[in-house]
Amino acid sequence: MDFSPLPIEDGFSADRLFSQGYSYTYDDVIFLPHYIDFPTDAVSLSTRLTRNIDLSLPCVASPMDTVTEDYMAAAMAALGGIGIVHSNCTAADQARLVVSAKSRRVPIFSSGLDVFKAPDGCINDANDFDGSNYVFVTESGTRRSRILGYVTKSDWENLSDNKVKIFDYMRDCSSNVSVPTNYDLGQIHEVLEKNDIDFVVLEKDGERLDVVTREDVERLKGYPSLGKGTVGPDGKWMVGAAIGTRESDKERLEHLVKAGVNVVVLDSSQGNSSFQIEMIKYAKKTYPELDVIGGNVVTMYQAQNLIEAGVDGLRVGMGSGSICTTQEVCAVGRGQATAVYKVSSIAAQSGVPVIADGGISNSGHIVKALVLGASTVMMGSFLAGSTEAPGAYVYQNGRRVKKYRGMGSLEAMTKGSDQRYLGDKAKLKIAQGVVGAVADKGSVLKFIPYTMQAVKQGFQDLGASSLQSAHDLLRSRTLRLEVRTGAAQVEGGVHGLVSYEKKSF
């Protein structure tokens with residue numbers, strides 16, 4: 001492909017646009033279309049997460065306690081991306097989440113419609129089934145605890161007294177069929193058919209971990225087909241985990257390495273600190289085969305310090321997340337489009353991949369982040385509310401939602417995330433995030449493939465058949481950009497209608 005500048009001057013080159021003293025977000029800028037000489041399916045989104053880890057999709061699930069635990073990490077790996085398990089829990093619990101994610105062969109989980117209750121609870125009315133045919137009974141009444149039994153809707157309807165405790169009439173799961181967590185979709189389907197049953201229990205080392213229903217299997221069959229996924233040298237899903245920069249995190253890191261973690265992210269809102277630089281050097285010296293991602297950074301100076309310390313990847317973003325208030329509270333940060341371009345420019349000189357973290361609301365934002373120099377995008381709110389995200393669905397003003405909170409919110413800080421903001425030793429806690437809710441999005445196994453197809457179409461319009469070609473086109477000044485006025489941004493979206501229904505796929 002010819003990367004020579006266009007004969008006609010139109011628009012601005014990236015280096016000129018981002019050197020005018022303005023801090024631009026993704027919505028502020030727009031790419032001008034280039035030349036198409038290949039079909040959409042010819043676009044490859046394969047990329048690098050770090051110096052040594054390849055992904056087939058440029059998608060990373062953020063280490064937030066309402067986004068990434070074992071279910072999300074396994075699903076993202078199955079899609080070809082990766083999930084970073086949050087650290088807002090004990091080191092032992094985090095390590096268990098890593099082990100659980102890596103051990104799952106098929107990314108099927110309790111569908112989100114499945115209901116879990118404690119044995120001493122009651123089912124008061126049909127709404128308690130929340131659209132499911134079963135209520136599963138666990139020790140604590142949550143999905144995470146050991147499965148004891150289940151109640152079918154027909155069993156409940158035949159009760160003469162609805163106030164009776166579930167334990168008194170539930171069916172014991174010990175008589176049900178169990179399969180190992182490493183069974184693939186075909187094997188699970190075969191077991192369901194052979195035994196003429198509606199669900200199986202997933203088991204690992206004799207412990208009942210989850211249930212897979214016939215509906216779950218059929219649901220997954222209806223999703224876009226999965227590729228080989230992100231598999232490590234051990235033949236299991238690749239999974240990342242977040243750690244802090246305190247002395248106690250060295251012990252956490254040891255737990256994670258023993259659990260088989262493939263990459264660690266040093267989780268800090270401002271990564272250019274002596275604490276992080278020391279932790280980078282410690283991790284690289286103690287575990288030289290383990291890739292370490294540093295951040296967060298938004299300037300070239302910050303990035304250079306961490307590159308010199310030995311990071312294998314950089315996480316870019318400060319205050320751009322939908323639940324983050326850092327820029328408002330601390331008056332520090334940068335518009336995400338500018339941050340990604342500036343940091344990527346210097347990181348590319350050392351061969352260090354960049355993760356664009358935050359500010360992703362649609363496929364167009366992903367296109368902009370990747371073309372501006374990022375190798376992957378890290379997503380929080382974009383994935384929150386999905387089937388695989390932690391937490392239970394509730395109804396809010398008639399909408400089915402899940403909680404989504406910033407790790408800088410006071411609620412999250414009480415669990416330990418204040419360390420991320422270097423505030424764990426402060427007497428007064430200052431929030432840099434909020435607690436909110438996001439609508440039910442369904443499964444990431446469905447909407448991420450469609451999102452990536454939209455990203456491919458964006459790359460095609462720009463004449464870029466891969467991330468590398470996009471970066472080359474940008475740096476050669478072949479790709480051009482402009483800043484959009486407020487009116488242009490309105491014009492670029494749906495407008496002028498009394499009502500409409502927006503479906504992306």
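Helices here are DSSP runs of H or I with at least four residues, strands are DSSP runs of E with at least two, and both are numbered from the N terminus. The model is a predicted one: local features need pLDDT of at least 70, side-chain atom pairs count only at pLDDT 80 or more, and totals for chains, interfaces and linings use all residues. Residues are numbered from 1 along each chain as its sequence is written, and side-chain values use heavy atoms, with hydrogens and water left out.

**Exercise 1. Get an overview of the chain.**

Task: How many helices and strands are there in the chain, and what percentage of its residues count as buried?

Solution. Start with the elements: the chain has 16 helices and 22 strands. Next, burial, which means under 20% relative accessible area (exposed is over 50%, partly exposed in between, with a 1.4 Å probe and protein chains only). By that cut-off, 54% of the 505 residues are buried. Last, look at contacts, meaning heavy atoms within 4.5 Å. Among contacts with a separation of 6 or more, 66% join residues 24 or more positions apart.

**Exercise 2. Trace the barrel and zoom in on β14.**

Task: In what order do the eight strands close into a barrel, and which residues of strand β14 are buried on its two faces?

Solution. Strands pair if DSSP finds at least two bridges between them. Going round the barrel, the order is β4-β5-β13-β14-β15-β16-β17-β18, with parallel pairing. From one strand to the next, the twist averages 25°. Now pick one pair: strand β13 (residues 240-243) runs parallel to β14, and four bridges link them. To line them up, put A241 opposite V264 and I243 opposite L266. Finally, check the faces of β14 (residues 263-266): V263 and V265 are buried on one side, V264 and L266 on the other, so to speak covering both.**Exercise 3. Compare two helix pairs.**

Task: At what angle do helices α5 and α6 pack, and at what angle do the axes of α7 and α8 cross?

Solution. Two packed helices are described by the angle between their axes and the distance between the axes. Axes are lines fitted to C-alpha atoms, for helices over the stretch in contact, and angles run from 0 to 180 degrees between N-to-C directions.

- Take α5 (residues 185-195) and α6 (residues 214-221): the angle is about 140° and the axes are 10 Å apart.
- That makes α5 oblique to α6 (under 35 degrees is roughly parallel, over 145 roughly antiparallel, 65 to 115 roughly perpendicular, and the rest oblique).
- The crossing of α5 and α6 is left-handed, meaning that the near helix is turned anticlockwise from the far one by less than a right angle; clockwise would be right-handed.
- L185, I188, H189, L192 and E193 of α5 touch R214, V217, E218, L220 and K221 of α6.
- Sorted by type, this contact has five nonpolar, one polar and four charged residues (Ala, Val, Leu, Ile, Met, Phe, Trp, Tyr, Cys and Pro are nonpolar, Asp, Glu, Lys and Arg charged, and the others, Gly among them, polar).
- Now α7 (residues 248-259) and α8 (residues 274-286): their axes come within 11 Å and cross at roughly 35°.
- The crossing of α7 and α8 is right-handed.
- D249, K250 and L253 in α7 meet M279, Y282 and A283 in α8, giving four nonpolar, no polar and two charged residues.

**Exercise 4. Find the edges of the open sheet.**

Task: Which strands stand at the edges of the sheet, and why is one side of each left without a neighbour?

Solution. The open sheet has three strands in the order β19-β20-β21, paired antiparallel. β19 (394-396) and β21 (435-439) are the edges: each has a single partner strand, so one side of each lacks a neighbour in the sheet. Strand β20 (residues 399-405) pairs with β21 over five bridges, and V401 stands opposite A439 in β21.
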